[in-house]
Amino acid sequence: MTTDGAAPGLLRERELAAALEGKGYFADEGLCTAIHLALRLGRPLLLEGEPGVGKTEVASVLSRVTGLDLIRLQCFEGLDSGQALYEWDYPKQLLQVRVAESRGQDVGDLYREEFLLRRPLLRAVQAERGAVLLIDEIDRADSEFEAFLLEFLGDFQITIPELGTVRARTPPIVVLTSNRTRELHDALKRRCLYHWIAFPEPGRERAILRAAVPGMEEQAAEGLVRAVQRVRRLPLLKRPGIAESVEWGRGAMALAEGGSPWPVALRRALGLLIKDEEDTRLLLAHAEEVFGDA
């Protein structure tokens, strides 16, 4: 089945799951259903979950499946509407004023489209074929910033006072992610379809590892996944996500190819899985329990 460039809302749920898997993303049934409904209903998709469980990758794989451009808005504290929507090119406007004055001409309208700097949201609205818009880590932005998103998320339009309202001819596919460092406003949630991405069950994590770490044997993948599942049950400050388990597997594979026995390679590559000193000490205290049969 060829899906690149296909209308995503027309893909059946099973076809969508197969298309995602074909691009290396192994979504469970709940996530596939959420993506399918968001595409079919034209609703923004709000994804929450632990860091490293594949929230951001959903937008990336949808871009590859549909053949649409991926436009990313990375949120941070202090992000304002100008950085997300649009800004006026003041240096260019000032240059226009100086040139007109030097020639004795009328300055004219300084708020034309040629002076408009298009930021991610406006670029997504004006994309003729549509686009996949990733609004990443919305919880990192100030709560006031969410108010700027409501018009966009509700109607896929942006009001520019000097030019009027710009509406999307082809609504973008919008994916918002949050690590839940703060609670999001109800008004924003009402405009989205919501899904929580949990840590994967062992069988799906093994499939992810085999796809992401070429050459890893089945027995090694099973041992690594068992170890990761045990690590996540410890009272850690930050439990490792799929991204960390994949990197741990790649690091351990590199050490094993260099001659380290597999359990030793796992322990030596631990810095790719655990990124906190206290968590490292806690894990080493439970090393036999975690790595015993890895």
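A residue is counted as buried when its relative accessible area is under 20%. In this predicted model, that criterion is a useful entry point to strand 1, which spans residues 45-49. Five of the five residues of strand 1 are buried, so the strand is largely enclosed by the rest of the structure. The burial applies to both faces of strand 1: Leu 45, Leu 47 and Gly 49 are buried on one side, and Leu 46 and Glu 48 are buried on the other.

The pairing partners of strand 1 come next. Strands of a sheet pair through backbone hydrogen bonds, in either a parallel or an antiparallel sense. Strand 1 pairs with strand 8 (residues 173-178) in the parallel sense, over four bridges, and Leu 45 stands opposite Val 175 of strand 8. Strand 1 also runs parallel to strand 9 (residues 193-197), to which five bridges join it; here Leu 45 stands opposite Leu 193.

These pairings belong to an open sheet of five strands with the order 2-5-8-1-9 and parallel pairing. Strand 2 (70-74) and strand 9 stand at the edges of the sheet, and because each has a single partner strand, one side of each is left without a neighbour in the sheet. Neighbouring strands of the sheet are turned against each other by 20° on average, direction ignored. For the edge strand 2, the partner is strand 5 (residues 132-136), which runs parallel to strand 2 and is joined to it by five bridges. Within this pair, Leu 73 stands opposite Ile 135 of strand 5.

A helix also lies against this part of the sheet. Helix 7 (residues 145-155) lies across strand 2, strand 5 and strand 8, and runs at about 155° to strand 8.

The remaining topic is a pair of helices. Two packed helices are described by the angle between their axes and by the distance between the axes. Helix 9 (residues 202-212) and helix 10 (residues 218-233) pack at an angle of about 125°, with their axes 9 Å apart. Helix 9 and helix 10 are therefore oblique to each other, and their crossing is right-handed. On the side of helix 9, the contact is made by Pro 202, Glu 205, Arg 206, Leu 209 and Arg 210. These residues meet Glu 218, Ala 221, Glu 222, Leu 224, Val 225, Val 228, Gln 229 and Arg 232 in helix 10. By class, the contact of helix 9 with helix 10 has six nonpolar, one polar and six charged residues.

Terms used. Residues are numbered from 1 along each chain as its sequence is written. This is a predicted model: local features need pLDDT of at least 70, side-chain atom pairs count only at pLDDT 80 or more; totals for chains, interfaces and linings use all residues. Side-chain values use heavy atoms; hydrogens and water are left out. Axes are lines fitted to C-alpha atoms, for helices over the stretch in contact, and angles run from 0 to 180 degrees between N-to-C directions. Helices (H or I, at least four residues) and strands (E, at least two) are DSSP runs, numbered from the N terminus. Angles under 35 degrees count as roughly parallel, over 145 as roughly antiparallel, 65 to 115 as roughly perpendicular and the rest as oblique. A crossing is left-handed if the near helix is turned anticlockwise from the far one by less than a right angle, and right-handed if clockwise. Contact means heavy atoms within 4.5 Å. Ala, Val, Leu, Ile, Met, Phe, Trp, Tyr, Cys and Pro count as nonpolar, Asp, Glu, Lys and Arg as charged, and the others, Gly among them, as polar. Buried means under 20% relative accessible area, exposed over 50%, partly exposed in between (1.4 Å probe, protein chains only). Two strands pair if DSSP finds at least two bridges between them.
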